[in-house]
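Here is the note you asked for on this structure. Please keep the sequence and the 3D view open while reading.

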Amino acid sequence: MANIIKLRVNGAVHPVNADPQNSLLSVLRDQLDLTGTKYGCGEAQCGACTVLIDGHPRRSCITPVGAAVGRQITTIEGLEQNGKLNPVQEAFLEEQAMQCGYCTSGMIMAAVAFLKTNPNPTDEEIAHGMEGNICRCGTYPRIVAAVQRAAQKGAQS
Amino acid sequence: MMDERSIFSGGKTAAADELEPERYEFRARAVHHFDLQRRDFFKLLGAGVLVACAIKPVAARQEAGGRPSGGVGFSEPPLPQEISAWLHVGENGGVTVYTGKVEIGQNIRTSLAQAVAEELRYPIAKVELVMGDTQLTPYDMGTFGSRTTPTMNLQLRKVAAAARHQIVALAAMKWNVDSQKLKAVSGRVELTGTKRSITYTELLAGQQLTAVIPADDPLIPPAQWTVEGKSIAKVDGRDFVTGKHRYPSDQNLPGMLHGKILRPPSFGATLASVNAASFDLADNVTFVHDGDFAGVAAATPEAATRALNALQAKWNEQPQISNNGLFDYLKSNPIEATGFEGASKYEIGMVDKDLAAADHQLRQTYTVSYIQHAPLEPRAAVAQWSGNMLTVWTGTQRPFAVRTELAQAMHVPEEQVRVQMPDMGSGYGGKHTGECAVEAARLARAANAPVKVVWTREEEFTWAYFRPAGAIDVAGGIQKDGTLTAWEFTNYNSGAAGIRTYYEAPSQRILFQPTRYPLRQGSYRALAATANHFARESFMDELAHAAKMDPLEFRLKNLKDERLRAVFQAAAEKFGWKRQAPAPGHGFGIGGGFEKGGNVATCVEVAVDRESGFVKIMRVVTAFECGAIVNPDNLKNQIIGGNIMGLGGALFEKIEFANGRVLNAKFSKYRVPRFSDVPPIEVVLLDRRDIAPAGAGETPLVGLAPAIGNAIFQATGKRLRSLPMIPNGLNRA
Ligand code: FES
Ligand code: FES
């Protein structure tokens, strides 16, 4: 059943052997060993699996890998550039916006996408924009603060 | 006969190492004697000083070996077999700490490193913790019950202090001076009054020192802390924002297969037959059928799922009770047994007489539903056999208990099983067991290859254990002036944690009654303290209204405990309890209590829309005191996180089940708190540097639910006595 698909992930092209119906999440995690993208629900409810496809936030758990062919896929592993963290990553560290950290990748990816559409959000807008991401440890207020901080960084740069 | 003191942990007198009866998932543990081979150790880690912390009292000659006085006694005493932690300061400057505790999101990897850095007087960046690896770390019962800070933190501080003393003694010997004249500062020993100093690494070159901590080693008092007591960032935080950290479900091994387990259609169903005839040959499926266990393994998760769907199974099911009628069922099915399994009771005074004689007498029933921990990372395990040796990476709060489970299930001695616990995607008391590890191990043995099993969200919602549901009957009697005279409190099934009252009442009858129950149940963050505080603190509010007293005044009138009074007053002060009255349609509520060494009080303001019944939590103020504060920033993080998690159980989380099936085993059907549910939460920390620190992962959440219920009552006159209080979302009060 060789079924070679070419995926462009974090700037590099990877040939993978997968049924186009398989979820992008399992291809990333199980074939490309990009385990920063997490499974939390498999039904687009928690956001742990969020990746960017052509810059838009997508739930990789319900995205067939076939639908990502020919597009730019960015995962949490691709945010850091030449050893420099993305401002959102920096802000999460500065605010210590995590406990167990399992939701963190999905939160950061969602926040990166959100700030592109709304670079100067209010706290309410952040909460609304991130509503689809669950943090069971309840670090929501810090996450809001981190996104706010990242927005400010963006404004400065 | 039941023993009151050993069963009730809610009283202030309870010892820290008692287990609450609602930890149903625990079994008697096998005591493991860890064989610490001194020579192997130095071979592994290189020269330096090794300090172990003995669980059992150490023989005098060993103590002598650990005492740095005059620089003598560095012989080779046999190390004790039962130790709880050890630490190695290497000649290369690295410090390695070994503890059986695990990191599940409470940031103990950081707070324990802080403790060591403080006592050792060493840069925290060079302190590495090896945690929860049954081969490398000493036995530990598990990471639960807010015990890490009061126990392991203290032990590591002692261990690190002993290592510092050893190092200082080396310098004293080298310079031939009294060690009193020496001072350890940031990895160097200095001779006071001179410029002379030497690094730890220079002192330790070529040394192979061992010590067992003396019980009376003086510690640095909290008032002089320089690293402890500070907000230190998560030690490996960068790995979490880059996706680099590997959680248990992220472990990948070469040649690894993916496993799926055939689940029964309902709880307690037994497997009558299973037919595996129709696998896709190309999928190269490993199939295991062993008793009621059936599972498959294949090269990809998709192939394993295909194989699972191809299985044809027949099950024998049993009729079971459902949500409807649950509380009647619990109350009418008590377990009549003695000892740990049975009822436990605390009684003083003459309750019936004092109740009858009271000016006001009240009686109410409160209930709590089954809820799920729903940790964002579900259960996961990777198992690998090499010959008869089994290695399992899995997410658990109790790696050593999981090792026992694996050894028993796989019929191998414990020595042949190694469990490793990478920092995991949390647990909240829900990951004390090793079922997923056993499943992976069973499949791996059949497949002759490493196998990974990751539970789906539905599996986690169905086959993990639940926080026990319960019904609580409370009766109380007060005099006209608001003095509480009689108190009766019976908890059916939910548990005994936090069941004792801290309010003064001359007559009390407090009973925990275990019952037969329909769902697999076990520990949950704060255990039954949430249910018991909800009932007690709601009922106190009802009594206050009966006495026509301010709920805070009524509490303080009946409360002597100074620490608890202090948090009530601090929360009320910050909240403005007395300074302002709630606006129309708004209500104020207060609730608080004591559990696991922590004192908490929470004030809440709600707004209720009369037309729609929509309830909005406007703000929360929580005052918390758990002795000396180890890391204020992390403590706040825990308190706020605990309150937000508690919001779910207070307002809407509830497992719906019928006939042995969970009906809402998905996040789309089981609502957990999200961003927009979070009100502004203010935290007031009371730092008691004169009191040894206690843990804070659990207690902060117990005041929230009653405070919300009491606030809703004030706003609407409607008393909500069941958790969750508003199960269908916030729009039906
Ligand atoms: S795993 Fe995709 S949204 Fe939860
Ligand atoms: S930090 Fe644990 S789920 Fe968000």
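The points below deal with a sheet in one chain and then with the contact between two chains.

1. The model is predicted. Every value in this note should be read with that in mind.

2. Begin with the sheet in chain B. Four strands make up an open sheet, and their order is β23-β24-β25-β28 (chain B). The pairing in this sheet is mixed. Two strands of chain B, β23 (586–595) and β28 (681–685), stand at the edges; each has a single partner strand, so one side of each is left without a neighbour in the sheet. On average, neighbouring strands here are turned by 15° against each other, direction ignored.

3. One strand pair can be followed in detail. Strand β25 of chain B covers residues 615–625 and pairs with β28(B) in the parallel sense, over five bridges. To find the place in the view, look for V620(B), whose bridge partner in β28(B) is I681(B).

4. Two helices of chain B lie across strands of this sheet. Helix α17 (residues 632–651) of chain B lies across β24 (598–608), β25 and β28 of chain B, and runs at about 130° to β28(B). Helix α18 (residues 704–716) of chain B lies across β23, β24 and β25 of chain B, and its direction is at about 155° to β23(B).

5. Next, the interface. On the side of chain A, 51 residues are in contact with chain B, where 56 residues take part. Between the two chains an area of about 4400 Å² is buried, and carbon and sulfur atoms give 52% of it. Within chain A, the residues that lose the most area to chain B are Q99(A), Y102(A) and R136(A); together they account for 20% of what that side buries.

6. Which polar and charged pairs cross between chain A and chain B? The rule finds 29 residue pairs in polar contact across this interface. It also finds five salt bridges there. In the salt bridge between D33(A) and R246(B), the closest N and O atoms are 2.8 Å apart.

7. Finally, consider which parts of chain A touch chain B. The helices α1 (24–31), α2 (87–94), α3 (104–117) and α5 (140–156) of chain A each supply at least two residues to that side. Helix α5(A) gives the most, with five residues. By type, the residues of the side of chain A that touches chain B are 23 nonpolar, 18 polar and ten charged.

Notes. Residues are numbered from 1 along each chain as its sequence is written. Chains are lettered from A and ligands numbered from 1 in the order in which they are written. This is a predicted model: local features need pLDDT of at least 70, side-chain atom pairs count only at pLDDT 80 or more; totals for chains, interfaces and linings use all residues. Side-chain values use heavy atoms; hydrogens and water are left out. Two strands pair if DSSP finds at least two bridges between them. Axes are lines fitted to C-alpha atoms, for helices over the stretch in contact, and angles run from 0 to 180 degrees between N-to-C directions. Contact means heavy atoms within 4.5 Å. Buried area is the accessible area (1.4 Å probe) that two parts lose on being put together, summed over both. A salt bridge is a side-chain nitrogen of Lys or Arg within 4 Å of a carboxyl oxygen of Asp or Glu. A polar contact is a pair of N or O atoms within 3.5 Å; within protein, one must be able to donate a hydrogen and the other to accept it, and residues adjacent in sequence count only if both atoms are side-chain atoms. Ala, Val, Leu, Ile, Met, Phe, Trp, Tyr, Cys and Pro count as nonpolar, Asp, Glu, Lys and Arg as charged, and the others, Gly among them, as polar.
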